[in-house]
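Subject: Structure handover: pockets and cavities

Hello,

Here is the structure I said I would pass on. Please load it before reading the notes underneath.

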Amino acid sequence: MKRFFPVSQPSIGEKEIAYVTDAVSSGWVSSIGKYIEEFERTFALFCGTRFAIATCNGTTALHLALVCVGVKEGDEIIVPDLTFIATANAARYAGASVVTVDIEAGSLCMDPAAVRRSITPKTKAIIPVHLYGHPANMEAIMAIAREHAIAVVEDAAEAHGAEFRGKKVGSIGDIGVFSFYGNKVVTAGEGGMLTTDSRELYDKARFLRDHAMSPERRYWHPEIGFNYRMTNLQAALAVAQMERIETFIAKRDEIMQWYRDELKSVPSLRLNREEHGSKRVYWMVCLEIAGLNDARRSELMKALRELGVDSRPYFYPISDMPMYSTASTPVAHRVSVEGINLPSYVDLTRNDVAEICGLLLKVLRTMRLI
Ligand SMILES: *Cc1c(COP(=O)(O)O)cnc(C)c1O
């Protein structure tokens, strides 16, 4: 039988099964339980922040973070044009308008110079996204934000464990946001997390996560909050995954090196780059082919799938979506159609990567792309 290599799949081991089973058997299946506290404690420790607050998914964590830093109707939020749609949608949930800026071709993250040009008196927050595991230039972005007294919410949904100049992503801005969707570096099934050093932001996030219920007076709600809680079952899975995160990250480094070795004979193929002294995590293997367009890329992905290799296109620019304003972002537009992500999960072996790259090179030659 022919093998099929998905782009991603979670690694579920004995610990995951044991902890989830324990959580179910305990009866604590909803949003109170020891695994939630344990997950928040270990995640704060991992990120080097004083606090961490778990939510039901990464999108709600983003929304909650924006509300906590005071985003309101009429504010503007700066986001990179190349990102997953949730980054922009969360800004809109908070009532803000979305200003998209161009990216750097190397890091694929927001270009600080473009951020600076987009600041207006209405700018309330910047959301740098550490795309595909590569940290944004946090030094430049934080300098701009401090100068204008603007909040920074890091979207680290794809970058658990990445570091910018020695600091873990999610610990640099006012709030960091993570996702634990099934294809992320570690998973809770679905899940999200806010990280912060601010006691005030932490208290506010906990309060709003649970319908803004008064800590002193049960069922008294002085404002409109949300139910963005995580369940103990999700947290049980995540706690098991957090015990293995360092091995996952190391294995992803190794897999990336295998891809580099297999594809180094074709210098026109661009793989993940490392910019501005950061330590990235290889959430996704990124392959860019100069001159590719959307139609040719679809052909390429179809041909790969027929040979048993799954791939996925880079994100489309947010500014091309019908709900958002168009933007002049030439780098995001060019890179967006040149890139695909290849199988990137931790259970891949050296031989799997050799087989995937052999098939890839065959397709690329047939299509005269190399
Ligand atoms: C996955 C992701 C999110 C949203 O997380 P969910 O848990 O899927 O809601 C937000 N931003 C980025 C960049 C992501 O990749």
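The notes below cover pockets, enclosed cavities and one helix pair.

Please keep in mind that this is a predicted model.

Pockets

The largest pocket holds about 550 Å³ of space. Its lining consists of 19 residues, and those nearest the centre are Ile-32, Arg-206, Arg-209, Asp-210 and Arg-229. Two elements, α2 (34-47) and α7 (199-209), give two or more residues each to this lining. Of the elements, α7 gives the most, with four residues. By residue type, the lining of the largest pocket has eight nonpolar, three polar and eight charged members.

The second largest pocket holds about 300 Å³ and is lined by 20 residues. Phe-84, Ala-86, Ser-179, Tyr-181 and Lys-184 lie nearest its centre. At least two lining residues come from each of α3 (58-68) and α4 (85-93), and α3 gives the most, with three. The split here is eight nonpolar, seven polar and five charged. Both domain 1 (14-102 + 109-242) and domain 2 (245-366) supply at least three residues to the lining of the second largest pocket.

Cavities

There are two cavities of 30 Å³ or more. The largest cavity has a volume of about 100 Å³. Its lining has 17 residues, with Gln-9, Pro-10, Lys-184, Val-185 and Arg-252 nearest the centre. Lys-184 is thus named among the central residues of the second largest pocket and of the largest cavity. Seven residues of this cavity lining are nonpolar, eight are polar and two are charged. The largest cavity lies between domain 1 and domain 2, because both give residues to its lining.

The second largest cavity encloses about 60 Å³. It is lined by 13 residues, and Gly-106, Leu-108, Asn-272, Arg-273 and Arg-280 are nearest its centre. Six of the lining residues are nonpolar, four polar and three charged. Domain 1 and domain 2 each contribute at least three residues to the lining of the second largest cavity.

Helix pair

α2, which also gives residues to the lining of the largest pocket, packs against α8 (residues 232-242). The angle is about 40° and the axes are 8 Å apart, so α2 is oblique to α8. Their crossing is left-handed.

Regards

How values were computed:
Residues numbered from 1 in each chain as written. Predicted model: local features only at pLDDT ≥ 70, side-chain atom pairs only at ≥ 80, totals over all residues. Heavy atoms only, no water. 1 Å grid on protein atoms, 1.4 Å probe; cavity = no way out; pocket = protein on both sides within 12 Å on 5 of 7 lines; lining within 4 Å. Points joined across faces, edges and corners; volume = space filled by probe spheres on them. Nonpolar A, V, L, I, M, F, W, Y, C, P; charged D, E, K, R; others polar. Domains from an automatic or database assignment. Axes fitted to C-alpha atoms, helices over the stretch in contact; angles between N-to-C directions. Parallel < 35°, antiparallel > 145°, perpendicular 65-115°, else oblique. Left-handed = near helix turned anticlockwise from the far one by under 90°.
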